[in-house]
Each structure stands twice: as C-alpha cells, then as structure tokens.
Amino acid sequence: TDGLVWVVDSTDRPDRLELCRKELHALLLEERLAGASLLIFANKQDLPSALSQDQIREILNLDSIQTHHWHIESCSAMTGKNLLQGMDWLVDDIAQRIFMLQ
C-alpha cells in the first residue's frame, strides 16, 4: 500500500473523534501500511460547527506520527472544496517516495 486516505467528520462528538484517533494510530501499525503516505481529510468544513484543521490535528495527535508522511487537508465533500488539492498532495508524495527508492 502506497497511500491511505483517512476522512474525519469535523463536526463529530469528542468521544467519536477519540475513537477515530485510536483507530488511525492502530491502523498505522499494520505492516502492510509501513511507510504509506497518509492524507487526512478534515471533512464538513462548510458547516459552522466544524472543528478547525488545527483542532483535528491536535485531537488526532498527528504530530506524534513519525513513521509516515502525512498531510491534513480541510475539505467539504458536498462542495468539493480542497478534494483535488489533497489528492494532488498524496500522488506527489507517493511519487517522490517511489522516485527516491529507484
């Protein structure tokens, strides 16, 4: 696996976001995902109750992830805002990593 896309509901309850954090960190320990690029979409940014990208970053404890390149992108699946930017980052990061291995 070269890349992983993780979508977070930015309007979710704190207990559900804590569960999301635990699941993400457990998933990243799987051998088949070793070194995979990680794109986190902070979805529903079009809603007024949405947590900011920085708040999601803190809740998910993303700064502790040292085993994967990662990027968080605020987005809205309803409007399409920033979806292409996020996917562009993922493709570019994978390509750079693969090119460096050759």
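Which pattern does the protein chain follow, read along the sequence? Select the whole chain and colour it by secondary structure: the pattern is β-α-β-α-β-α. That comes to three helices and three strands, where helices (H or I, at least four residues) and strands (E, at least two) are DSSP runs, numbered from the N terminus.

Before going on, note that this is a predicted model, in which local features need pLDDT of at least 70, side-chain atom pairs count only at pLDDT 80 or more, and totals for chains, interfaces and linings use all residues. Residues are numbered from 1 along each chain as its sequence is written, and side-chain values use heavy atoms, leaving out hydrogens and water.

Next, keep the whole chain and show the C-alpha trace. Along its principal axes the trace spans about 45 × 30 × 20 Å.

Now switch on the surface. The protein chain exposes about 6,400 Å², and carbon and sulfur atoms supply 55% of that area (Shrake-Rupley method, 1.4 Å probe). Buried residues, meaning those under 20% relative accessible area (1.4 Å probe, protein chains only), make up 36% of the 102 residues.

Then select residues 14-27, which form helix H1, and find His-25 within that helix. Show what surrounds His-25: leaving aside residues up to four places away in sequence, His-25 touches Leu-60, Asn-61, Ser-64 and Ile-65. Contact here means heavy atoms within 4.5 Å.

Finally, add Cys-75 to the selection. His-25 and Cys-75 are 50 residues apart in sequence, and their C-alpha atoms are 22 Å apart in space.

Key. Buried < 20%, exposed > 50% of the residue type's maximum accessible area, 1.4 Å probe, protein only.
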